[in-house]
Amino acid sequence: MASASANTKREKIVFPTEDDVAKAMAKYTFYLSKKFCKERGYFTIVLSGGDLVLWLKKLLAPEYAETEWSKWHVFWVDERVAPLDDTVNSNYKQTLDSFLSKVPIPTSNIYAIDQDCAALGDAKGAAILYEECIKKLVNQNIIRTYKSSGFPQFDLQLLGMGPDGHMASLFPGHYQIKEKANLVTYITKSPKLPPKRITFTLPVINCASYNLMAVCGEAQANAVAKVFKDDFNLPSARLTADTQAIWYLDRAAASKLPECL
């Protein structure tokens with residue numbers, strides 16, 4: 001199983017600005033979309049929240065007009081357990097408004113958390129149902145499985161990191177980082193509001209074929225430096241992938257890295 005000790009080398013590219021990171025992320029996503037649509041007839045992409053939602057808009061540029069949107073299947077690596085029409089807290093709603101509503105991805109290919117659990121604030125129920133959804137799509141061969149473990153293997157995950165080094169809703173010092181049996185777990189006392197969330201577990205995250213971690217801003221610079229010193233107390237330092245785990249940083253986020261890195 002892919003893990004923090006996997007052989008996938010952590011790579012990085014430093015870009016001058018946040019806008020350059022966003023443009024590069026769009027180009028990388030388009031390339032992998034084209035690759036997997038040709039090879040498999042599907043492209044399974046996992047999104048996160050935060051600034052990445054805005055950066056996705058770069059895919060609306062004319063040079064990506066040939067994107068085969070109908071073959072996309074969209075998931076979230078984590079989600080706040082909030083009503084799906086909550087413009088402040090719902091990753092789904094924010095992504096829908098800024099990006100998904102502007103591209104012709106079939107609604108049936110967009111996998112939000114269960115709307116009833118979201119409305120009720122039922123984090124455990126939302127995690128159980130999201131895992132069931134993923135297992136169903138594995139059985140339909142839309143999501144592949146990792147060659148040795150049988151865990152679901154997504155084509156691409158676009159991830160972000162917080163100043164504390166968390167990724168998805170896996171936070172430093174919280175037990176969810178150690179979960180190895182379930183595909184999706186939940187947290188009810190997140191150190192970052194809102195407190196109720198669901199999240200992919202680390203084995204699922206690390207089984208992805210490609211993981212792109214996009215980080216911008218000086219606020220993340222200390223955590224970036226710790227990651228590249230292999231401080232595995234930070235969940236983001238444990239990120240690997242089956243084929244490529246790459247970090248896209250702007251100069252501010254990379255400002256505390258030694259030049260030799």
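Start by selecting Ala168: at 10% relative accessibility, Ala168 counts as buried, the cut-off being under 20%. Keep in mind as you click around that this is a predicted model. Ala168 sits in the loop between E7 and E8. Check its backbone too: phi is positive, about 50°, although Ala168 is not a glycine.

For a second positive phi, jump to Asn141, a residue other than glycine with phi near 65°. You'll find Asn141 in the loop that runs between helix H5 (123–139) and strand E5 (144–145). Is Asn141 buried or exposed? Exposed, since its relative accessibility is 59% and the cut-off is over 50%.

**Helix H1**

Now select residues 18–40, which make up helix H1. Put a distance label between its end C-alpha atoms and you should get 32 Å. At 1.5 Å a residue, the 23 residues of H1 should span 33 Å, so the two values agree. Next, colour the buried residues of H1: Val21, Ala22, Ala24, Met25, Ala26, Tyr28, Thr29, Phe30, Leu32, Ser33, Phe36 and Cys37. A handy thing to remember while looking down a helix axis: an α-helix has 3.6 residues a turn, so residues three or four places apart point the same way. Just past the end of H1, stop at Gly41, where phi is positive at about 85°.

**Strand E2 and its neighbours**

Move on to strand E2, residues 43–47. How many of the five residues of E2 are buried? Five of the five, so the strand is largely enclosed by the rest of the structure. Try colouring its two faces separately: Phe43, Ile45 and Leu47 lie on one side, with Thr44 and Val46 on the other. Both faces are covered.

Add strand E3 (residues 72–76) to the selection; E3 runs parallel to E2, and five bridges join them. Then add strand E7 (residues 156–159), which also pairs with E2 in the parallel sense, over two bridges. Val46 is a good residue to centre on here: its bridge partner in E3 is Phe75, and in E7 it stands opposite Gln157.

**The largest pocket**

Time for some empty space. The largest pocket holds about 410 Å³. Which residues should you select to get close to its centre? Of the 22 that line it, the closest are Gly49, Gly50, Gly160, Met161 and Lys192. Show helix H2 (52–55), strand E4 (78–80) and strand E10 (210–215) as well, as these are the elements that give two or more residues to the lining. If you colour the lining by class, expect nine nonpolar, eight polar and five charged residues.

**A cis bond and a cysteine**

Zoom in on the peptide bond from Leu193 to Pro194: this one is cis, with omega near -5°. Pro194 belongs to the loop between strand E8 (184–187) and strand E9 (197–200).

From there, go to Cys216, in the loop between E10 and helix H7 (221–227). Cys216 is buried, with a relative accessible area of 9%. Select Arg251 alongside: the two are 35 residues apart along the chain, yet their C-alpha atoms are separated by 7.8 Å.

**Zooming out**

For the last stop, select residues 17–247, which UniProt lists, in an unreviewed entry, as "domain: Glucosamine/galactosamine-6-phosphate isomerase". The span is 31% helix and 17% strand, and its end C-alpha atoms lie 14 Å apart.

How values were computed
Residues numbered from 1 in each chain as written. Predicted model: local features only at pLDDT ≥ 70, side-chain atom pairs only at ≥ 80, totals over all residues. Heavy atoms only, no water. 1 Å grid on protein atoms, 1.4 Å probe; cavity = no way out; pocket = protein on both sides within 12 Å on 5 of 7 lines; lining within 4 Å. Points joined across faces, edges and corners; volume = space filled by probe spheres on them. Helix = DSSP H or I, 4+ residues; strand = E, 2+ residues; numbered from the N terminus. Nonpolar A, V, L, I, M, F, W, Y, C, P; charged D, E, K, R; others polar. Buried < 20%, exposed > 50% of the residue type's maximum accessible area, 1.4 Å probe, protein only. Pairing = 2+ DSSP bridges. Expected span 1.5 Å × (residues − 1). UniProt positions renumbered as here; feature names shortened; annotations may be inferred.
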